[in-house]
Amino acid sequence: MPTTDANKFDSDASAAPTSEADTPRAWWFAERAPSDGHFRKFKQFDETLEYLRDILEKQHFDGVFGFSQGAACAAILAALCENPQLDPVFARPSQDPNVAWPPAPLKFAILSAGFFPLDPRTAAYFDTPLKTPTLHVLGRADTIVGEDRSVPLTKVFDDSRVEWHDGGQSRHQL
């Protein structure tokens with residue numbers, strides 16, 4: 001769950017940042033649904049997609065690595081590289097005639113402590129199995145992203161490998 005308690009940040013981030021280095025970061029912010037308490041509405045999600053698209057128009061990437069929310073974002077990116085027509089941000093042609101759009105599908109994704117995104121806008125991204133090969137690194141003692149959220153993400157990729165470690169929410173070394 002998101003927190004403003006600086007003692008719970010797994011970084012140098014601070015609830016009262018004083019510099020760029022200690023400013024908490026997120027790909028989007030999520031609102032809790034009153035019906036079930038899950039984070040189902042992503043705020044600033046379109047800005048995230050625009051940011052990623054801008055990077056992909058300027059550079060080529062073979063793969064992506066993401067941790068926690070970044071892993072959910074990386075899974076979304078893999079899905080949209082395979083099926084850009086599923087989101088208006090990725091579906092539109094490039095305004096630059098020198099840019100080949102859409103990008104090629106990713107060759108791989110490494111998703112550490114990732115979770116299945118619950119915002120309804122992302123549901124169609126995962127309706128059909130994705131072909132991007134993935135490595136999912138999951139912690140048995142992860143109290144932030146439980147198996148009920150992490151394991152479903154592994155199931156949407158045809159070629160997924162899952163490696164478990166005994167730790168929690170960490171960038172674990174295999």
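Colour the protein chain by secondary structure and follow it from the N terminus: the elements run β-β-α-β-α-α-β-β-α-β. That makes four helices and six strands. The model is a predicted one. Of the contacts with a separation of 6 or more, 72% join residues 24 or more positions apart.

Next, show the surface. The protein chain exposes about 10,100 Å², and carbon and sulfur atoms supply 53% of that area. Buried residues make up 40% of the 174 residues.

**The strands β4, β5 and β6**

Select β5 (134-139). Five of its six residues are buried, so β5 is largely enclosed by the rest of the structure. On one pairing, β4 and β5 run in the parallel sense over four bridges. To find the register, pick I110, whose bridge partner in β5 is L135. Then add β6, residues 160-165, which pairs with β5 in the parallel sense over six bridges. Here V137 stands opposite E163 of β6.

**The nonpolar core**

Now select L49, I76, F90, L111, Y125, F126 and F157. In the largest nonpolar core, which has 32 residues, these touch the most other members. The elements giving two or more residues to this core are α1 (45-58), α2 (69-82), α3 (88-91) and β4. Among the contributors, α2 gives the most, with eleven residues.

Centre the view on F90. Leaving aside neighbours within four places in sequence, F90 is in contact with L49, R53, L56, L77, L80, P84 and W101.

**The two cysteines C73 and C81**

Select C73 and C81. The relative accessibility of C73 is 4%, so C73 counts as buried, the cut-off being under 20%. C81 is also buried, at a relative accessible area of 3%. The count of disulfides, taken as cysteine sulfur atoms within 2.5 Å, comes to zero.

**T132 in its loop**

Move to T132, in the loop between β4 (108-112) and β5 (134-139). Is T132 buried or exposed? T132 has a relative accessible area of 1%, and is therefore buried. Display its side chain together with that of E82: the two make a polar contact at 2.6 Å. To see what else surrounds T132, show A78, L106, F108, A109, F157 and D159, which T132 touches along with E82, not counting residues up to four places away in sequence. Of these, F157 was already selected as a member of the largest nonpolar core.

**Backbone exceptions**

Three backbone sites remain, and each is set against a general expectation. Most residues other than glycine have a negative phi, and most peptide bonds are trans.

Start with the bond between W101 and P102. This peptide bond is cis, with omega about 10 degrees. P102 sits in the loop between α3 and β4. W101 has already come up as a contact of F90.

Go on to S68, in the loop between β3 (63-67) and α2. Although S68 is not a glycine, its phi is positive, about 55 degrees. S68 counts as buried because its relative accessibility, 14%, is under 20%.

Finish at A113, in the loop between β4 and β5. What is the phi of A113? The value is positive, about 55 degrees, although A113 is not a glycine. With a relative accessibility of 4%, A113 counts as buried. T132 is found in the loop between β4 and β5 as well.

Technical notes: Residues are numbered from 1 along each chain as its sequence is written. This is a predicted model: local features need pLDDT of at least 70, side-chain atom pairs count only at pLDDT 80 or more; totals for chains, interfaces and linings use all residues. Side-chain values use heavy atoms; hydrogens and water are left out. Buried means under 20% relative accessible area, exposed over 50%, partly exposed in between (1.4 Å probe, protein chains only). Contact means heavy atoms within 4.5 Å. Accessible areas come from the Shrake-Rupley method with a 1.4 Å probe; for residues, only the protein chains shown count as cover. A polar contact is a pair of N or O atoms within 3.5 Å; within protein, one must be able to donate a hydrogen and the other to accept it, and residues adjacent in sequence count only if both atoms are side-chain atoms. A nonpolar core is a set of buried Ala, Val, Leu, Ile, Met, Phe, Trp, Tyr and Cys residues joined through side-chain atoms within 4.5 Å. Two strands pair if DSSP finds at least two bridges between them.
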